[in-house]
Amino acid sequence: MTAAPIVIVGDTLLDRDVDGAVTRVCPDAAAPVLDERYVDDRPGGAGLAAVLAVGQGHPVVLISAFASDAAGARLAALLTAAGIDLHPLPLGGATAEKIRLRTRGQVLLRLDRGGLGAVGGALSPATEELLASAAAVVVSDYGRGVARLPALRAALAATTAPVVWDPHPRGPAAVAGARLVTPNETEVRQLTGQPVGDSRVATATAGADQLRRRWQAGAVAVTMGGDGALLCHCGSVPLMVPAPASADGDTCGAGDRFATAAALALAGGALVSEAVQTAVELACRYVLDGGAAGLRRLLADDHDQQAGPVRSGVADLAHPTAEFVAAATGERIGPQAAGELVARVRAAGGTVVASGGCFDLLHAGHVTALQAARQLGDCLIVCVNSDASVARLKGPDRPVVTQRDRARLLAALGCVDAVVVFDEDTPHAVLSWLRPDIWVKGGDYAGDGAGQPDLPEAGLLRRWGGQTAIVPYLDGRSTTNLIAMARARGVPDGHVELRKEPA
């Protein structure tokens, strides 16, 4: 029996660390020159909270907003690779990015961009059912709009699952009845206007009690950095939970670690006080292990303590292989081209159609299916398996044609408006980012005709109100048959060529 999911709700950001060496100063300005060595991308905000919840005995689902840009595509790929199911919402504008330029472990400069677009869209029935059946819900609010959605707030207020609300000063109030609210000291003062008192404990207690009453929350736990957390609930005396060890280091994401750990404990039946003690311990350990920079090692350690299987992709998050590939230069190929197309079509009230596959040897069956798919909407985006993905699915002797050439051939078809290449075994990540209105496959997926066929992606499309469709496919046309015919005629593997039959 599958455990009920832990649901993370909130704003997702792309954190990017650019590490390099500084050996000289810019000749035209008093600024160091950073020679880039490597780049590390990871989910931030609610995305980081979701990653931290993976591998703890529950499926993890993230309800967040994704923009139609390359950074949004990258986020969807990273999150899917970490084993997280996405329930995406539309986000106008550009993805919020935090780019840190670093050398020798020190941050030289942080560049923030994007993240100012509006979050929109009603909740699908599938998302409402998810919140109603959750084991616990974490609202990781970064003040960018997701936590303000009326339909989402109504579903959060109606759920019987324990809700842990990690607030932001720019965000809305927690929904009434939240089991636990988890601001830090600065946030609780900003949220309540509480002046600094004679002691940290007195200030935190007064602010927490005010916030608990105003928001009608079950309890408020104020995180206090290396000193642990202060828990204020219905009693007049707060509970001070000290940190088990001094934890000096990168605290980025420690609040997310605290909130997810508390939610997981509550899902297991712990009392609020017990959940806060667990959360303090794990947040302290998170900082000791290097914070976000030590995420790979931390997750691997957590998996060692679990009886269940390790989720695929989590241990490789620091150096992910699952990503959207810009297969070739060209205005119709890659995530940027696809994202801009989706934004234009949606702004005009149009219908976005997507289809996908390996398309190893493009043949008449492919063209017929793609032409039929294009007629179902106002644009057609083709999602193509990368070379690595095809090799995993079809065997080491495939593909015959490289992803670059396959993308170029598809983009040249008059019925195709954009092409994006994905590296996973399934198109779930790219679909979660694109959120097409219709997902189309050729008629070879129709099965034996008994009952209404359902594509493997049908459940995913229902998360945003999309639908699946099957279009006619020419019988007898397949890449496998073409390769077999070529081999029968003595053409070496990897050198398929077309020859005319003798007259």
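Let's start with a pair of strands: strand 1 (residues 6-10) and strand 4 run parallel and are joined by four bridges. Within that pairing, isoleucine 8 has leucine 62 of strand 4 as its bridge partner. Keep in mind that this is a predicted model, so what follows is a reading of a prediction.

**Strand 4 and its neighbours**

Strand 4 has a second partner as well: it pairs with strand 5 (residues 84-91) over eight bridges, again in the parallel sense. Here valine 61 is matched with aspartate 85 in strand 5. How many of the residues of strand 4 (residues 60-67) are buried? Eight of eight, which leaves the strand mostly covered. Both of its faces are covered: one side carries Val60, Leu62, Ser64 and Phe66, the other Val61, Ile63, Ala65 and Ala67, and every one of these is buried.

**Strands 2, 3 and 6**

Strand 2 is also worth a look. It forms a hairpin with strand 3, with six residues making the connection, and the two strands pair in the antiparallel sense over 13 bridges. On its other pairing, strand 2 runs parallel to strand 6, with six bridges joining them. Arginine 16 is a handy landmark here: its bridge partner in strand 3 is aspartate 41, and in strand 6 it stands opposite isoleucine 99.

Here are the strand pairings side by side:

| Strands | Sense | Bridges |
|---|---|---|
| Strand 1 and strand 4 | parallel | four |
| Strand 4 and strand 5 | parallel | eight |
| Strand 2 and strand 3 | antiparallel | 13 |
| Strand 2 and strand 6 | parallel | six |

**Helix 1**

Helix 1 (residues 46-53) is another mostly covered element, with eight of its eight residues buried. Those buried residues are Ala46, Gly47, Leu48, Ala49, Ala50, Val51, Leu52 and Ala53. After the helix comes glycine 55, which has a positive phi, near 85°.

**Pockets and cavities**

Now for the empty space. The largest pocket has a volume of about 880 Å³. It is lined by 40 residues, and the closest to its centre are Asn184, Thr251, Gly253, Ala254 and Gly255. Strands 2, 3, 6 and 7 each supply at least two residues of that lining, and so do helix 7 (254-267) and helix 8 (272-288). By class, the pocket lining comes to 16 nonpolar, twelve polar and twelve charged residues.

The structure also holds two cavities of 30 Å³ or more, and the largest cavity contains about 80 Å³ of space. Which residues line the largest cavity? They are Asp11, Thr12, Ser64, Ala65, Leu91, Ala96, Gly115, Val119, Arg144 and Val146. That lining divides into five nonpolar, three polar and two charged residues. Two of the names are familiar from strand 4, where Ser64 and Ala65 sit on opposite faces.

**Two residues up close**

Glutamate 185 belongs to helix 5 (residues 185-192). Is glutamate 185 buried or exposed? Its relative accessible area is 16%, so it counts as buried, the cut-off being under 20%. Leaving aside neighbours within four places in sequence, glutamate 185 is in contact with Arg200, Val222, Thr223 and Met224. Take valine 222: it is 37 residues from glutamate 185 in sequence, and the C-alpha to C-alpha distance is 6.0 Å.

Alanine 176 lies in the loop between strand 9 (163-166) and strand 10 (180-181). With a relative accessible area of 45%, alanine 176 is partly exposed. Beyond its neighbours within four places in sequence, its contacts are Trp215 and Gln216. Arginine 214, 38 residues away in sequence, is 9.1 Å from alanine 176, C-alpha to C-alpha.

**The whole protein, and how far to trust it**

Stepping back, the protein has 16 helices and 19 strands, and 52% of its 503 residues are buried. Among contacts with a separation of 6 or more, 70% are between residues 24 or more positions apart.

As for confidence, the average pLDDT is 85, and 83% of the residues score at least 70. Two stretches call for care. Over residues 446-452 the pLDDT stays under 50, and the model has two contacts for them beyond four places in sequence. Residues 494-503 also have a pLDDT below 50, with seven contacts beyond near neighbours in sequence. Where pLDDT is low, the predicted coordinates should not be read in detail.

Technical notes. Residues are numbered from 1 along each chain as its sequence is written. This is a predicted model: local features need pLDDT of at least 70, side-chain atom pairs count only at pLDDT 80 or more; totals for chains, interfaces and linings use all residues. Side-chain values use heavy atoms; hydrogens and water are left out. pLDDT is the predictor's confidence in each residue, from 0 to 100. Contact means heavy atoms within 4.5 Å. On a 1 Å grid over the protein atoms alone, a cavity is a set of points where a 1.4 Å probe fits but cannot get out, and a pocket is an open set with protein on both sides within 12 Å along at least five of seven lines; lining residues have an atom within 4 Å of a point. Grid points are joined across faces, edges and corners, and a volume is the space filled by probe spheres set on the points. Ala, Val, Leu, Ile, Met, Phe, Trp, Tyr, Cys and Pro count as nonpolar, Asp, Glu, Lys and Arg as charged, and the others, Gly among them, as polar. Buried means under 20% relative accessible area, exposed over 50%, partly exposed in between (1.4 Å probe, protein chains only). Two strands pair if DSSP finds at least two bridges between them.
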